[in-house]
Amino acid sequence: MNSQIIGSCRVQYQDAYAYDMNSQELWVLDRLKSCKTITQLKQIHAFLIKTSPLRLRAPQLIYPKLISLCTTSSSSFGANLTYFRSILTNLENPHVILYNNAIKALSSAQNSSFSLEAVALFREMLIKGLVPDNYTVPYVLKACAQSQALREGEQIHAHCIKTGMLLSIVYVKNTLMRLYAVCGFIKAVQKLFDGSPQRDLVSWTTLIQGYVKMGFLREGVAAFFEMCDSNLRADEMTLVIVLSASSKLGDLELGRKIHDYMRDNEVNSDIFVGNALVNMYLNCGDADFACKLFDEMPFRNVVSWNSMISGLAHQGKFKESLDVFRKMQNIGLKPDDVTLVGVLNSCANLGVLELGKWVHAYIDKNQIKADGYIGNALVDMYAKCGSIDQAFRVFQGMKSRDVYSYTAIIVGLAMHGEAEKALLIFSEMPIVGIEPDEVTFIGVLSACSHAGLVAEGQKYFEEMSSVYNLIPQTEHYGCMVDLLGRAGLINEAEEFIKNMPIEPDAFVWGALLGACRIHGKVELGESVMRKLLEVEPERDSAYILMSNIYSSSNKWRDALKLRKAMKGKNMKKTPGCSSIELDGVVHEFRKGDKSHSKSKEIYKLLEDIMSQLKNHGHLAQY
DNA sequence: CTAGGGTTAG
């Protein structure tokens, strides 16, 4: 192919004077069309330079092609960046459009050095006396937003104020808003929005998105309704963001309102909207309707499936989540890393090590990096499935670790009673420069609790606020009550609760009641149970714990009375559930549950085992 | 040749 082009270039060169310039240009354009690589392009370029009538036209002719080649094969783009620049920079009379296209190409590249290159081209334009137009500025601002180049963006912002573009061109204002939004400066976004004479749908959407991305969900939703009041009609893009906000808020009423808005305004449901709707209904608790919508979708992509897998898990329907994954496998859709994270999460919560291992093998086989989300999910899965050593190996093998990785392994080690190792890993965090957060401290405090390290636990609890500026939540107070209570320091635990700056909740009272159970404190237990029932009247855990306290103090009559009192009340049961995985299918078992298709056989076998145990002189312990 | 969209962790 190359030699063909060179060959025909040579022939053309020799016959150059036989053609007039137009036909030469046509010939070159024809060659450019079929040109596939930078090397071929360079050959044509060389020919153009050597052909004197075409010399001046050369850059203009090849430039658009160069841009399109670079953007379609971004991998070779980096290597040819110098070449790319040298042509443009040496142009004597470049048209603004050429620069615009170049900046556009650079702004859509992922690489952040390309974004800065786009800014450099923008500067070069100004130096050459070219006037950036209403296309140039949105492109270069997009490049800044891509790499969060705030400083550069601010300079362009200043340029836009000086030239008056900021006020006159809505595209400029919108891309500028977007830049500040991705940099997290929501106040700057709002200020630009407020100070602008014209606001179109994109301005509103950018504002809403800015709020939602920063986690200011209610503010984003409020902006949406404000937009509706101003008689602008939302389109698919706006609605996807508002639905995602409703989903994150778990606000079903709001979500339904948005859905109604879509029907009233005849917004058509493309795949993005469809996915957002499914996700919203799932996270807001209406899983049945979400499944119905999912089934009715005319097209589904990997995100649709991912939404189902992680959304069901979010609702605690881990088994169903894995069922969806199996269906996805059956139709032959390739999982991506988001899918795998969701699957690992469900495996972790069900304790299905086999499938978790399969995912790990899949990750290795497909050379997916076991860092970030994936690595953290693997650590968590192994830890929760009981393979703490394997969890630790994955943790150590990770190239980059963040606060989630550290927390996963610390909580995992604490759960497995390896308190010292957990605290050792925790002490590594300041050395590698990772700040622990609230969840990390749950792991640290529970490690201390399990190992009976009272003084250390108190020290860490104190450091939480004094060193790390974290405000302890009721969970942390619960851990401390547990720590003191387990160690038999019941009075100290009671005193600790009295001095809490926030209202104790079920975590805290539950921990104290647990301590009463361990240490057989019947009377205190009774008063703590009442407290627990006050803050959590709908659950049965207070009754269960208390009746255990009665039983272990041989107060059978009181225990029975409590169980009876419970029966009439239809309380939420704290589920005790176990599961096994067989040939890829997860089977769940709850206490007294007879829903399994082979339930009869299972119970029959259990009875056999029990009687065999009895025959061998073993007495069942309850 | 212009701007704004979904799913993922402890």
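User: What volume does the second largest pocket have?
Analyst: In this predicted model, the volume of the second largest pocket comes to about 940 Å³.

User: What makes a residue part of the lining of that pocket, and which residues lie nearest its centre?
Analyst: A lining residue must have an atom within 4 Å of a point of the pocket. The second largest pocket has 28 such residues, and those nearest its centre are V341, Y373, N376, A377 and Y404. Two or more residues of this lining come from each of α20, α22 (337-350), α24 (372-384) and α26 (403-415), with α24 giving the most, eight residues. By class, the lining divides into 13 nonpolar, nine polar and six charged residues.

User: What is the volume of the largest pocket, and which residues lie closest to its centre?
Analyst: The largest pocket has a volume of about 1100 Å³. Its lining consists of 31 residues, of which Q209, K213, V240, I241 and S244 are the closest to the centre. Helix α16 supplies the largest share of this lining, eight residues, and α12 (170-182), α14 (201-213), α18 (271-283) and α20 (302-314) are also among the elements that each supply at least two. The lining holds nine nonpolar, 15 polar and seven charged residues.

User: How do you know that Y139 is near DNA strand B?
Analyst: A residue is near a strand if one of its heavy atoms lies within 4 Å of it. DNA strand B is surrounded by 50 residues, and Y139 is one of the closest, together with N174, N275, T407 and D437. Helix α16, residues 236-249, gives the most to this surface, with seven residues, and the surface as a whole has 19 nonpolar, 20 polar and eleven charged residues. Of the strand atoms within 4 Å of the protein, 31% belong to sugar or phosphate, while the rest belong to bases.

User: What makes the approach of D235 to DNA strand B a polar contact?
Analyst: The definition asks for a pair of N or O atoms within 3.5 Å. An N or O atom in the side chain of D235 is 2.9 Å from a base nitrogen of DNA strand B, and this pair therefore satisfies the cut-off of 3.5 Å. For D402, the separation between a polar side-chain atom and a base nitrogen of the strand is 3.5 Å. In the case of S244, an N or O atom of the side chain is 3.5 Å from a phosphate oxygen of DNA strand B.

User: Why is N100 called buried or exposed?
Analyst: The relative accessibility of N100 is 3%, and buried means under 20%, so N100 counts as buried. N100 is found in helix α7, residues 96-107. Apart from neighbours within four places in sequence, N100 is in contact with M125, D133, Y135, T136 and Y139.

User: Why are N231 and E266 called buried or exposed?
Analyst: Exposed means over 50% relative accessible area. N231 reaches 72% and therefore counts as exposed, and E266, at 69%, counts as exposed as well. N231 lies in the loop between α15 (217-229) and α16, whereas E266 lies in the loop between α17 (252-264) and α18.

User: What sign does phi take in N231 and in E266?
Analyst: Phi of N231 is near 65°, a positive value in a residue other than glycine. Phi of E266 is near 50°, which is likewise a positive value in a residue other than glycine.

Conventions:
Residues numbered from 1 in each chain as written. Chains lettered and ligands numbered in written order. Predicted model: local features only at pLDDT ≥ 70, side-chain atom pairs only at ≥ 80, totals over all residues. Heavy atoms only, no water. Polar contact = N/O pair within 3.5 Å; in protein donor to acceptor, adjacent residues only side chain to side chain. Helix = DSSP H or I, 4+ residues; strand = E, 2+ residues; numbered from the N terminus. Nonpolar A, V, L, I, M, F, W, Y, C, P; charged D, E, K, R; others polar. 1 Å grid on protein atoms, 1.4 Å probe; cavity = no way out; pocket = protein on both sides within 12 Å on 5 of 7 lines; lining within 4 Å. Points joined across faces, edges and corners; volume = space filled by probe spheres on them. Buried < 20%, exposed > 50% of the residue type's maximum accessible area, 1.4 Å probe, protein only. Contact = heavy atoms within 4.5 Å.
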